[in-house]
Amino acid sequence: MFSRIRTRLAVLYAGLFALALCLVAGALYFVVAATVEREVRSELVASRTVFDRLWNMRSHELGNAASVLARDFGFRAAVATGDRRTAESALDNLRARLGIRVAFIVGVDGKVTGVTDPALRRDAALLWPALDRGEFKGVASLGGVSHQLVAAPVMAPALTGWVVFATELDRREMRSLESLSAIPIEATVLTRRNASAWSDTAAGIRTADAVGIGHFIDRTIASGVPGELQTGGGTAIALAKPLASIGDGEHAALLLRYPLARAMAAYLPLQIAMALTGLLGLMLVIAGSWRLSLSITRPISELDRAARRMEQGETVEVRVDTDDEIGRLARSFNAMAAGIAEREKRITQLAFNDSLTGLPNRAFFRQHLEIELRQAAHRGGCLALLSLDLDNFKAINDTLGHPVGDALLSEVSARLRLAAGDALVARLGGDEFTLVLSLEAGQDGAERMAQRLIEAVAKPLEIGGHDLAVAASIGIAVSPIDGEDADTLLKNADLALYRAKDEGKGGYRFFEAKMNAQAQARRLLETDLRRAVANGEFELYFQPLVDLSDNRICSFEALIRWHHPTRGMVSPIEFIPVAEETGLIVPIGEWVMQEACRRATEWPDRIRIAVNVSTVQFRRPGLLNTVLQALAASGLEPGRLEIEITESIFLETSDTTLTMLHSLRQLGIRIALDDFGTGYSSLSYLQSFPFDKIKIDQSFIRQIATRPDASAIVQAITALAAALGMEATAEGVEEIGQLDELRLQGCGYVQGYLFSRPVDAAGAQALLAQCDSVRNAA
Ligand code: C2E
Ligand code: MG
Ligand code: MG
């Protein structure tokens, strides 16, 4: 309930106001009460004087009447002669005339005349001693009731008795006395005989209050100062005053009381007026503070709502009506919201755009692809995802530097964007681009697009004075057949891209389901290969090369074998490419080099060892070291080591490759060009480096006996080699017919199953021994 500022403010203000009101009311009450009490006290003192005067007046009246009667001749005679009837008739007469209820005569002999009530009579008789002492005025108790008494002596001429007049001090009498006062006081006459308790014969006070009142009288009667008196009827200011009494041990007192409540009653209208005003004020304060807090909290609530909407990503602006603090807060909020929106826009731009090319990046493309996929699924259409990769970007970047690489990427991006038309092109990173295309009429659209992109990239390009030839390969995956979600589709397009690259670059390839299995098998092979390197699951086999001039083994080619724990022997044709791709060829190559050199030292000195070295090994640093270490460790003569490289080494010719070849050559190591005639065969390679040997590829040898053109090629290569001062070796010689033909064409060296399959180290030793024994036998 108090969680709202509005309620809290209203309660706070109302509470403060109520407190202030209570304080004012309390102070007022205190002042009023003090004033009232002071007034009452002075009124009481004044009333006492008035009362005294009244009392004396009355007593005087009675005394006059008594004196008049006592001086009446007839009456005196009647009393003197004991004529009761006359005396009583005179008393009756006077009683009726003056309205005095009690009048009697007390004789000097103590006899009482004029009273019939026995109790009254007895009490009247008791007055005699006091009368005899001359006590003529005072209060006395007659028949249990307090009376104001006045007596006068009857002289005839000697004292014959006293005539006594008494007024009963009952409630009525007291009322008439009270009514003569200016203020509404309560007057009570209390009497006491000897030490007994004060009592009020007119029953003007309640029995419960009697004791308290008695104490009050005892306490204050001497001082005559008004005091506070607590009774069951509430607090009263009271004044006690002694009254003259007649009789032995008789005491009388007058108690004047003024209840405070009655005094305060005069102020009741004021109090009510104040309470009503306070209540009205309180209501006004509540209403006012509610309104005020509403005016404060309403804009705050509005800001709160706006902040929530902003959190939900909405663009918000709060209306500003006022110029106060809240108005300024709202203005600041609006400025903040605008700032956030602006920054968000910039962040989004940075987050979703590639800064180099300005193309959407991977994050944006993924979102876009997901949306496109959903829409295509909805309308039952197909989407093609084209994954594009530049074929020789790395080489350009490495050789010409990053600024040229960046400029190339920007140019390629622009071309792709132009060629793609409406389709969205994105750069996923590096030289990887991708494009999503809605397929309306089968896969033709994707094919045409791939072709267009490849052509666009392949157009001649000049950057920083360099004429660059760039090509791109593309993999295509089509939804929903090749995948229904973005991840699968991207992965499958990539698989198709790898395949396109494998199959010679600059082309495109659609994804096929079997690529997945192949990719998986490849991944498995990779993990197995890592383990094989660690576990040393390799062995070297050796295949002899025969010198046709003397039909003797002149060297062995080291060929690696992998004893896979579950698959058995795995061909190098299968695992060498994977090793090259993963870089595992480096540790494998080191091992081969070490092992080959070590084995060669077991052979006669004239037998050389040929070791295949991958292009990847040439690209990595450390090859020279590996060779030197192998030679040093084995002690093999460098001239007995032959390194076989393939033409692919020249595809990315760099000075470092050639330098490396020359360095090896300078060590005395022989360099052979393997598999000559396949791949990119270019005669210029032969010019760029002085090889020691050319190994003519098996594909020519296979057809040499049957196809004259193959025979012509072999003859040409052999002649070329001879002209360049290089040896020519024919690979894959399986049949005697091929051998005859090779001899005819002038080929000097041969290698093939016709002589021996690759054999293990022991087999190589055996071959050497056999060869020697054959020769010896010859
Ligand atoms: P390569 O260097 O051209 O080796 C010759 C291949 O031809 C060997 O296959 C060999 O067994 C095979 N061969 C020899 N004579 C005949 C024949 O008469 N008929 C037929 N059909 N084949 C014959 P292998 O051992 O399977 O090696 C295949 C390729 O793997 C090698 O071709 C070489 O490029 C690569 N390789 C083998 N060992 C290594 C190695 O230690 N390092 C590197 N980097 N590559 C290696
Ligand atoms: Mg070879
Ligand atoms: Mg070969």
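In the predicted model, ligand 1 is surrounded by 21 residues, and the closest of these are Gln543, Asp674, Gln698, Glu734 and Tyr753. By residue class, the shell around ligand 1 comprises eight nonpolar, six polar and seven charged residues. Several side chains place polar atoms beside the ligand. An N or O atom in the side chain of Glu734 lies 2.5 Å from a nitrogen atom of ligand 1. For Asn612, an N or O atom of the side chain is 2.9 Å from an oxygen atom of ligand 1. In the case of Asp675, a polar side-chain atom is found 3.1 Å from an oxygen atom of the ligand. Ligand 1 taken alone exposes 790 Å², of which the protein buries 85%. Strand S18 (552–564), helix H17 (572–582) and strand S22 (670–676) are the elements that give two or more residues to the shell around ligand 1. The largest share comes from S18, with four residues.

Two magnesium ions, ligand 2 and ligand 3, are also present in the model; they are 3.9 Å apart, and Asp674 coordinates both. The coordination of ligand 2 involves Glu557 (OE), Asn612 (OD1), Glu644 (OE) and Asp674 (OD), at 2.0 to 2.3 Å. The sequence spacing of these donor residues is E-x54-N-x31-E-x29-D. Of this set, Asn612 belongs to strand S20 (residues 608–612) and Asp674 to strand S22, so the pair ties together parts that are 62 residues apart in sequence. Asn612 is partly exposed, its relative accessible area being 30%. Asp674, by contrast, is buried, at 6% relative accessibility. Asn612 thus appears both as a donor to ligand 2 and as a polar neighbour of ligand 1, while Asp674 is a donor to ligand 2 and is listed with the residues closest to ligand 1.

The other magnesium ion, ligand 3, is coordinated by Asp674 (OD), Asp675 (OD) and Glu731, the last of these entered twice through OE, at 2.0 to 2.6 Å. Here the donor residues follow the spacing D-D-x55-E in sequence. Asp675 is located in strand S22, and Glu731 in the loop between strand S24 (727–730) and helix H25 (736–745), so this pair ties together parts that are 56 residues apart in sequence. With a relative accessibility of 26%, Asp675 is partly exposed. Glu731 is buried, with a relative accessible area of 6%. Asp675 coordinates ligand 3 and also has a polar side-chain atom 3.1 Å from an oxygen atom of ligand 1.

Strand S22 recurs in the description of these sites. This strand gives two or more residues to the shell around ligand 1, and Asp674 and Asp675 both lie in it. Six of the seven residues of S22 are buried, so the strand is largely enclosed by the rest of the structure. Strand S21 (residues 641–645) pairs with S22 in the parallel sense over four bridges. Within this pairing, Ile643 has Ile671 of S22 as its bridge partner. S22 also pairs in the parallel sense with strand S23 (residues 693–696), over three bridges. In that pairing Phe676 stands opposite Ile696 of S23.

A further sheet is found elsewhere in the sequence. Five strands form an open sheet in the order S2-S1-S5-S4-S3, with antiparallel pairing. Its edge strands are S2 (112–113) and S3 (137–142), each of which pairs on one side only. S3 and strand S4 (residues 145–155) run antiparallel and are joined by six bridges. Leu142 has Val145 in S4 as its bridge partner.

Arg374 is located in helix H11 (residues 362–379). This residue is exposed, with a relative accessible area of 56%. Arg374 and Gln520 are separated by 146 residues in sequence and, from C-alpha to C-alpha, by 28 Å in space.

Note on methods
Residues numbered from 1 in each chain as written. Chains lettered and ligands numbered in written order. Predicted model: local features only at pLDDT ≥ 70, side-chain atom pairs only at ≥ 80, totals over all residues. Heavy atoms only, no water. Near = heavy atom within 4 Å. Polar contact = N/O pair within 3.5 Å; in protein donor to acceptor, adjacent residues only side chain to side chain. Areas by Shrake-Rupley, 256 points an atom, 1.4 Å probe, with all protein chains shown as cover. Nonpolar A, V, L, I, M, F, W, Y, C, P; charged D, E, K, R; others polar. Donors = N, O, S within 2.8 Å, 3.2 Å for Na, K, Ca; no water. Buried < 20%, exposed > 50% of the residue type's maximum accessible area, 1.4 Å probe, protein only. Pairing = 2+ DSSP bridges.
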